[in-house]
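Student: Could you walk me through this model, one piece at a time? I have the sequence and the structure open.

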Amino acid sequence: MEAVNSEEVAMIQIEGITKQYRERRTIPRTPDHTKFNETVTVLDDITISIEKGTFFCLVGPSGCGKSTLLRIIAGFDSPTRGRVTIDGMEITSPSPEHIFVFQEDGLYPWLTVHENMEIGAKRIEDPVNRATAIEEYLEMVGLAGFESHYPHQLSGGMRRRAEVARALIASPKVLFMDEPFGALDFATRLQMREEMLNAHAMFPMTILFITHDIDEALQIGDQVVVLGSRPSKVKMDIKLHQPHPRDIASPELAELRREIYYQLGLHTAL
Ligand SMILES: Nc1ncnc2c1ncn2[C@@H]1O[C@H](COP(=O)(O)OP(=O)(O)O)[C@@H](O)[C@H]1O
Ligand SMILES: [Mg+2]
């Protein structure tokens with residue numbers, strides 16, 4: 001299987017990103033029309049440095065701006081202030097060659113698993129090599145034999161694995177995943193985490209993974225950034241070096257977990 005050249009793996013700098021929205025309100029609720037155009041600060045001066053090949057996890061309470069930050073890094077949205085660079089190049093628009101945005105239920109329902117894979121494998125020009133690669137990637141995620149199935153004929157976990165295979169075969173520099181396994185049952189989610197770790201060990205791409213699950217972040221991340229609630233600032237920026245599989249109950253990780261809960265004001269729940 002083709003390995004990704006580590007030279008191609010992206011380093012990401014997020015420099016002083018602030019994002020403000022106009023309040024989402026179409027009808028003024030008060031006679032005071034100045035209130036109508038209020039701006040809301042979602043992200044407040046976010047600076048993060050992500051090394052090449054990092055499995056980066058972003059955690060924070062719902063509504064704190066995780067998806068907004070991911071959209072800005074991917075170039076789908078622009079910041080009010082600050083900038084993002086990938087390998088020194090400022091991001092102003094999405095780059096389909098370098099990034100892959102993993103979307104839950106992103107498979108085309110009217111195409112078979114194999115046809116969906118063809119879309120991810122567009123970069124492989126030779127049809128024989130492409131077919132071989134598709135076979136290998138499907139095998140890797142345990143979907144050999146399901147090539148001619150349509151997405152609705154697969155379980156939720158299998159669909160997610162097909163999506164992972166399609167993302168990997170596109171061999172992106174950066175893979176964006178916004179709460180990709182949120183809708184899966186607990187056991188399948190654990191399994192998907194492990195598969196993502198294996199994939200990351202095999203393909204040294206930079207992964208930006210959003211989750212609201214603190215344990216998930218501690219289990220898989222090389223770097224975990226915790227955002228607070230709006231206007232969100234970086235509360236913690238942690239580098240984790242523990243080998244996998246990690247024991248979330250180990251004293252070191254348990255202490256970190258406590259600290260994150262504390263930072264998020266959730267310590268009463270512990
Ligand atoms: N296009 C938009 N216009 C106005 N407000 C928005 C827009 N997109 C997101 N927001 C607001 O920004 C906040 C952060 O949203 P989001 O990034 O989706 O949070 P998260 O992914 O952390 O749950 C929310 O309060 C949301 O209502
Ligand atoms: Mg979100």
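Student: Which strand holds D45?

Tutor: Happy to start there, with a word on the ground rules. This is a predicted model, in which local features need pLDDT of at least 70, side-chain atom pairs count only at pLDDT 80 or more, and totals for chains, interfaces and linings use all residues. Residues are numbered from 1 along each chain as its sequence is written, while chains are lettered from A and ligands numbered from 1 in the order in which they are written. Helices (H or I, at least four residues) and strands (E, at least two) are DSSP runs numbered from the N terminus, and D45 is found in strand β2.

Student: What is the phi of D45?

Tutor: Most residues other than glycine have a negative phi. D45 is partly exposed, with 15 other C-beta atoms within 10 Å; buried takes 20 or more such atoms, exposed 12 or fewer, and partly exposed lies in between, with C-beta atoms placed from the backbone. The phi of D45 is positive, near 55°.

Student: Which strands stand at the edges of the open sheet?

Tutor: The open sheet has four strands in the order β2-β1-β4-β5, with antiparallel pairing; strands pair if DSSP finds at least two bridges between them. Each edge strand has a single partner, so one side of each is left without a neighbour in the sheet. The edge strands are β2 (39–50) and β5 (89–90).

Student: In β4, which residue stands opposite T18?

Tutor: Strands β1 (residues 12–22) and β4 (residues 81–86) pair in the antiparallel sense over five bridges. Opposite T18 in β4 stands R81.

Student: How many residues of strand β8 are buried?

Tutor: Take the two faces in turn: T206, L208 and I210 are buried on one side, I207 and F209 on the other. Strand β8 (residues 206–210) is largely enclosed by the rest of the structure, because the buried count is five of the five.

Student: And which residue of β8 is the bridge partner of D178?

Tutor: Strand β7 (residues 174–178) runs parallel to β8, and five bridges join them. Strand β3 (residues 55–59) also pairs with β8 in the parallel sense, over four bridges, with C57 opposite F209. For D178, the partner in β8 is I210.

Student: Which side of α3 do its buried residues lie on, the same or opposite sides?

Tutor: Helix α3 (residues 127–140) has A133, I134, Y137 and L138 buried. They cover an arc of only 130° around the axis, taken from the directions from the helix axis to the C-beta atoms. V128 and N129 are exposed on the other side of α3. The buried residues are therefore on the same side.

Student: Where is the helix that gives the largest share of the shell around ligand 1?

Tutor: Eleven residues surround ligand 1, the closest being Y21, G65, K66, S67 and T68 (near means a C-beta atom, placed from the backbone, within 6 Å). The largest share, three residues, comes from helix α1, at residues 66–74.

Student: What is the omega of the peptide bond from H244 to P245?

Tutor: Most peptide bonds are trans. P245 has its place in the loop between β10 and α7 (251–263). The bond from H244 to P245 is cis, with omega near -5°.
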